[in-house]
Amino acid sequence: MASKIHVLCRDMLNLGDLGDQELLAEIESALGSERTALARLVVYLGEVEQRRIHLVQGYASLFEFCTVKLRLSEGEAFRRINAARLARRFPVIVELRSTADQHLSGLVLLRPHLTDDNHAELLAEASNKSKRHIEMLLAARAPK
């Protein structure tokens, strides 16, 4: 781990050597890697919960496992666990997450509204939408 950090710090010091377009390409590449890694993490967390590994490891909940063992913030843990549970129920979410068509905050909003019958349509409708737009979409579907 220390060597990866060292390489990253060294690379950051050399950013001035990159042209503007190269820098933007590097950002896109980093985002792609992050999205793929996050989608994998969501799948792994779902499997940890399914196997109940967090309990065997001595954690009372998957949330505790994520915050203590994995050192995620409470918000990070909540959103990732939410996505993991939804992805087990609706596997298309893994692909949507890895391509950035659906963000974790959006999945939190969508969770109470997704059903076996409407998930494909609702996820498609919410794809590439901001949190605010998803709130408006849900309000239009189920006015109070």
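This passage describes the fold, surface, largest pocket and selected loop residues of a predicted model.

The protein chain is built from helices. There are 9 helices and 0 strands. Read from the N terminus, the order of elements is α-α-α-α-α-α-α-α-α. The C-alpha trace spans about 55 × 40 × 25 Å along its principal axes. Contacts were examined by their separation along the chain. Among contacts with a separation of 6 or more, 55% join residues that lie 24 or more positions apart.

Burial and surface were considered next. The protein chain has 144 residues, and 26% of them count as buried. The exposed area is about 9600 Å². Carbon and sulfur atoms supply 55% of that area. The protein chain carries 20 positive and 19 negative charges. The mean positions of these two sets are 8 Å apart.

Rolling a probe the size of a water molecule over the atoms shows where empty space is left. The largest pocket holds about 200 Å³ of space. Its lining consists of Glu-34, Ala-37, Leu-38, Arg-40, Leu-41, Tyr-44 and Arg-80. Helix α2, which covers residues 20-51, gives the most to this lining. The contribution of helix α2 is 6 residues. Arg-80 also belongs to the lining, and helix α5 spans residues 74-89.

Two arginines have an unusual feature of the backbone to report. Arg-52 is not a glycine, yet its phi is positive, at about 65°. Arg-52 sits in the loop between α2 and α3, the latter being residues 53-56. Arg-71 likewise is not a glycine and has a positive phi, here of about 60°. The loop that holds Arg-71 runs between α4 (62-69) and α5 (74-89). The relative accessible area of Arg-71 is 73%. Arg-71 therefore counts as exposed, since the cut-off for exposed is over 50%.

A further loop residue is Asn-128. Asn-128 is placed between α8 (119-126) and α9 (131-141). Its relative accessibility is 59%, so Asn-128 also counts as exposed. Exposure does not exclude contacts here: Asn-128 is exposed and is in contact with Ala-100 and Asp-101, leaving aside its neighbours within four places in sequence. Leu-96 offers another reference point for Asn-128. These two residues are 32 residues apart along the chain. Their C-alpha atoms are separated by 9.4 Å.

Methods. Residues are numbered from 1 along each chain as its sequence is written. This is a predicted model: local features need pLDDT of at least 70, side-chain atom pairs count only at pLDDT 80 or more; totals for chains, interfaces and linings use all residues. Side-chain values use heavy atoms; hydrogens and water are left out. Helices (H or I, at least four residues) and strands (E, at least two) are DSSP runs, numbered from the N terminus. Buried means under 20% relative accessible area, exposed over 50%, partly exposed in between (1.4 Å probe, protein chains only). Contact means heavy atoms within 4.5 Å. Accessible areas come from the Shrake-Rupley method with a 1.4 Å probe; for residues, only the protein chains shown count as cover. Lys and Arg count as positive and Asp and Glu as negative; His and the chain ends are not counted. The place of a charge is taken as NZ of Lys, CZ of Arg, CG of Asp or CD of Glu. On a 1 Å grid over the protein atoms alone, a cavity is a set of points where a 1.4 Å probe fits but cannot get out, and a pocket is an open set with protein on both sides within 12 Å along at least five of seven lines; lining residues have an atom within 4 Å of a point. Grid points are joined across faces, edges and corners, and a volume is the space filled by probe spheres set on the points.
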